[in-house]
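Subject: Structure for you to look at

Hello,

Here is the structure I promised to pass on. Please open it beside this email and follow along.

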Amino acid sequence: RVWMGARVSLSIGFVAALINAVVGTVLGGFCGYYGGKLDMIVMRIIDIIYGIPSLIVCILVMVVLGAGIQSLIIAMVIVGWTGTCRFTRGEVYRLKEQEFVLAARVMGESTFKIIVQEIIPNIMGLLITNLTMAIPSAIFQEAFLSYIGLGIAPPDASWGVLAKEGAQLLNVAPHLLFVPAFFICTTVLALNQLGNGLRDAFDPRMRGTE
């Protein structure tokens, strides 16, 4: 059941983080390049989302949509794209006045091609790092929502479901809680370390700062 739960938990974590990265990168790219009303509207939406704790938003969405993998991913996407969007917006705003972007603009390249072919590749390393750091957060969020009964519904298994069932039998069989908790902790720690390594690889200035 731990291995079956790993398939569910990791799938949700990777899919939710990937969708968040794509949505945040696209919106952030256009907001940073165009600015104006689009930027103002998207930033105000992000401010509203930031003003409400993400877990509360996820809980409300799960209550409305019901338990299940698709509902869980939708709930995570609603609140998860904001960080990537803000980061991408700032980087695009910084790069759009660089010489290689101005040269592409003078040569008549379309705005879409400039964003996709000139700007995004220059921040791809940082985007990959952010994606790697977002996956552990999504896995933990799934485990928490499943633990409180709003995520994956039994008999389907996930690490959060197994932890919830193990907690009910803690006095009788504590290993039922400790085993999924161990896998949650080690997976989150491993992915965080991978994210730190990628950050150091793509940004040498960060080496030795910790």
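Below is what I found, starting with confidence and then moving to one residue and one helix pair.

Please keep in mind that this is a predicted model. The pLDDT averages 80 over the chain. At least 70 is reached by 96% of the residues. Residues 204–210 are a weak spot, with pLDDT below 50. Beyond near neighbours in sequence, that stretch makes 6 contacts in the model.

Now find F30. It sits in helix α1, which covers residues 2–34. Is F30 buried or exposed? Neither label fits: its relative accessibility is 24%, so F30 counts as partly exposed. The cut-off for buried is under 20%, and exposed means over 50%. Leaving out residues up to four places away in sequence, F30 touches G35, L38, F112 and I115. Look at V92 too. It is 62 residues from F30 along the chain, yet their C-alpha atoms are 8.4 Å apart.

Next, turn to helices α2 (residues 36–50) and α5 (residues 82–95). Their axes come within 10 Å and cross at roughly 140°. Why call them oblique? Angles over 145 degrees would count as roughly antiparallel, and this one falls outside the named ranges, so α2 and α5 are oblique to each other. The crossing is left-handed. On the α2 side, the contact is made by D39, V42, M43, I46, D47, I49 and Y50. On the α5 side, T82, G83, C85, R86 and R89 take part. These contact residues divide into 6 nonpolar, 2 polar and 4 charged.

Best wishes

Notes
Residues are numbered from 1 along each chain as its sequence is written. This is a predicted model: local features need pLDDT of at least 70, side-chain atom pairs count only at pLDDT 80 or more; totals for chains, interfaces and linings use all residues. Side-chain values use heavy atoms; hydrogens and water are left out. Helices (H or I, at least four residues) and strands (E, at least two) are DSSP runs, numbered from the N terminus. Buried means under 20% relative accessible area, exposed over 50%, partly exposed in between (1.4 Å probe, protein chains only). Contact means heavy atoms within 4.5 Å. Axes are lines fitted to C-alpha atoms, for helices over the stretch in contact, and angles run from 0 to 180 degrees between N-to-C directions. Angles under 35 degrees count as roughly parallel, over 145 as roughly antiparallel, 65 to 115 as roughly perpendicular and the rest as oblique. A crossing is left-handed if the near helix is turned anticlockwise from the far one by less than a right angle, and right-handed if clockwise. Ala, Val, Leu, Ile, Met, Phe, Trp, Tyr, Cys and Pro count as nonpolar, Asp, Glu, Lys and Arg as charged, and the others, Gly among them, as polar. pLDDT is the predictor's confidence in each residue, from 0 to 100.
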